[in-house]
Amino acid sequence: MHKDLLNLKNITSSITEDIKIFQLEFDRALSSDVSLINTISKYMVRNRGKNIRPILTILSARLIDEPNQNTYRAAAMMELLHVATLIHDDVVDDATKRRGKPSINRIWKNKISVLMGDFILSKALINMIGIRDFDALEKISNTAEKLSAGEILQLEKSITGSMTEEVYFNMISQKTASLIATSCELGAITTSKLAKDRKATHDYGESLGMAFQIKDDLFDLMGSESDTGKNSGGDIKKNMKTLPLIFSLSNMDRLRKRKLNKLLSIKKKNKSVLTDIKNIVDETGGFKYAGQKLEEYSNKAIDSISSYPNSEYKKSLIDMVSFNSNRVK
């Protein structure tokens, strides 16, 4: 954890003042006259993540030109949208932990959690209107649709058990990569609007987003709760097949496949069952294949911004790719 934060601090050292302005926008957007909302907001802010998406908005803007008020508003809005989806996801997933702390639904129960997620989403919409930029509004609206569609697609495939590699990549493109891609592209929209700048930042974010989700999926199978701060094996317990498992199921002999499917069919998977599943996935190359795809998308992200002149901001964007590949949670 300490190493993670130290690396991210180095990556963002060139935009320290920008992050302070973003934080003011974010805090302003979250403010409310309702005391319970403020109580939950304070808890949420203490337990927040690394601000990856707003950082990417600012760095993408700096790659091209000077950020402006719309850049900071866009950064705050993307973080609000992200936080709202996390709260709703935890309710849907019956999660009890978020970043090693009790999740909001664990403390305040599902009804208040859903309403809090809705409140934050409404704040994101208000922030979105404040940008008053049609290109930005259109992009954000399309992204909000993709986030929901991606989550529903994943739930559908977990019920039918019909997840394929092609569907998996389509699903993570919508539910994870779209938000990161839009966060980056908003940096270009608020500073340039040139098609080449929008495409470069979008492609960078899309590829980084794909790599980000693959890394999370590896954590879900390989990491422990103390490492990740989340419920270990959460996807497996919910019958959601991610890339390592999809690959292994498609590339193993009949006997192993029968054994793995038997383990997957167990309703209450304890630590021993999860360990057996991990071992089979490891033996059949699932983790190795996912690692290769992680590297492939990471390289694509870096290639997307290769035409820009060298700068501290370009270096930070490249370092962010490495940060994702090597993060421990």
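**Cavities in the predicted model**

Okay, let's start inside the largest cavity: 17 residues line it, and the ones nearest its centre are M44, I87, R98, R99 and I104. Keep in mind that this is a predicted model, so everything here is computed.

How much space is in there? The largest cavity holds about 190 Å³. If you want to find it on the screen, look for three helices: α3 (35–46), α5 (69–93) and α6 (104–131), each of which gives at least two residues to the lining. Which one gives the largest share? That's α5, with 6 residues.

Now the chemistry of that wall. It's a mix: 6 nonpolar residues, 6 polar and 5 charged. Two arginines, R98 and R99, are among the residues nearest the centre.

So how many cavities are there altogether? With a cut-off of 30 Å³ or more, the count is 2.

On to the second largest, then. Its volume is about 30 Å³. Lining this one are I52, L208, F212, M320, F323, N324 and R327. Two helices, α9 (195–222) and α16 (312–326), each put two or more residues into that lining. The largest share comes from α16, which supplies 3 residues.

And by class? The second largest cavity has 5 nonpolar lining residues, along with 1 polar and 1 charged. Put that beside the largest cavity, with its 6 nonpolar, 6 polar and 5 charged.

As for the general idea behind all this, rolling a water-sized probe over the atoms shows where empty space remains. That's what I have for today.

Conventions: Residues are numbered from 1 along each chain as its sequence is written. This is a predicted model: local features need pLDDT of at least 70, side-chain atom pairs count only at pLDDT 80 or more; totals for chains, interfaces and linings use all residues. Side-chain values use heavy atoms; hydrogens and water are left out. On a 1 Å grid over the protein atoms alone, a cavity is a set of points where a 1.4 Å probe fits but cannot get out, and a pocket is an open set with protein on both sides within 12 Å along at least five of seven lines; lining residues have an atom within 4 Å of a point. Grid points are joined across faces, edges and corners, and a volume is the space filled by probe spheres set on the points. Helices (H or I, at least four residues) and strands (E, at least two) are DSSP runs, numbered from the N terminus. Ala, Val, Leu, Ile, Met, Phe, Trp, Tyr, Cys and Pro count as nonpolar, Asp, Glu, Lys and Arg as charged, and the others, Gly among them, as polar.
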